[in-house]
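Q: Can you walk me through this one? I'm new to it.

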There are 2 protein chains.
Amino acid sequence: MTESRKKLDVSAVRTAAAMLKCIGHPVRLQIIDLLDRTGERNVTAIQEELGIEQAVASQHLNLMQDKGVLISRRDGVNVYYRIDDPRVTEVIYCIHDHCDL
Amino acid sequence: MTESRKKLDVSAVRTAAAMLKCIGHPVRLQIIDLLDRTGERNVTAIQEELGIEQAVASQHLNLMQDKGVLISRRDGVNVYYRIDDPRVTEVIYCIHDHCDL
DNA sequence: TTGACACATAAGAATATTCATATATAGTAT
DNA sequence: ATACTATATATGAATATTCTTATGTGTCAA
């Protein structure tokens, strides 16, 4: 843990805030947590795991993909999503490690 | 960095998502960053540092205080805010350390 | 008490988010 | 081509967020 604490510049703040906002939603955070633990999941699996509507799952997944948080790969009829932003993984680890969550 | 990756329970997800949402706004993240670097600042100082309206500063500060992210102390005519949620500090460190921000 | 300064709050308009419903598209098998 | 499954998208209603403007409150000093 470095203690430099340099001021974040405006563009860094915007970028980081956008990422944090993106994962700062219960459904999206659950998806992130699931993908962090399982590596990859298709839409139906995510939808069933969280007990949400198909459209809602798809909407959140597409939002996170648009923001660069997730990436997807199609395999036949299935689309598998995984985490694509290392900052997101770090924040999840941080939450697990330091916040008793 | 432990690698346990236990599933976050519903209430942990809600709590964490609320905190992340709270800091996932450019103005609020800048305030967090400022307070992380300086320890404590009064409203006018924050307002001038960020170049925002007094009411906006006050609104964001009060929001973060309501969510348990910040705490304030009055000294005469000034009100000084500081970070009151260790998870927030950890996330900021995490961003600094791992994300080249 | 009055004035000045620091901060908080109320109210509302503009905008954004979220979810539900319905429909569309893509891939696969028959 | 048809049917079926998986996923995406369009639309709109309900709600939430953000900012601006205006006003209120607290503290201190004269």
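The chat below covers a helix pair, the DNA surface and the chain contact.

A: First, this is a predicted model: local features need pLDDT of at least 70, side-chain atom pairs count only at pLDDT 80 or more, and totals for chains, interfaces and linings use all residues. Residues are numbered from 1 along each chain as written, while chains are lettered from A and ligands numbered from 1 in written order.

Q: At what angle do H2 and H3 of chain B pack?
A: About 115°, with axes 11 Å apart. H2(B) covers residues 26–38 and H3(B) covers 43–50. Helices are DSSP runs (H or I, at least four residues), and strands are E runs of at least two. Axes are lines fitted to C-alpha atoms over the stretch in contact, with angles from 0 to 180 degrees between N-to-C directions.

Q: Which residues meet there?
A: From H2(B), B:Val27, B:Gln30, B:Ile31 and B:Leu34; from H3(B), B:Ile46, B:Glu49 and B:Leu50. Contact means C-beta atoms, placed from the backbone, within 7 Å.

Q: Switching to DNA. How many residues surround strand C?
A: 21, and the closest include B:Asn42 and B:Thr44. Near means a C-beta atom, placed from the backbone, within 6 Å.

Q: Which element gives the most to that surface?
A: H4(B), with six residues.

Q: And how many residues does each chain put into the contact between A and B?
A: Chain B gives 33 and chain A gives 33. On the chain B side, H5(B) has the largest share, nine residues.

Terms used
Contact = placed C-beta atoms within 7 Å.
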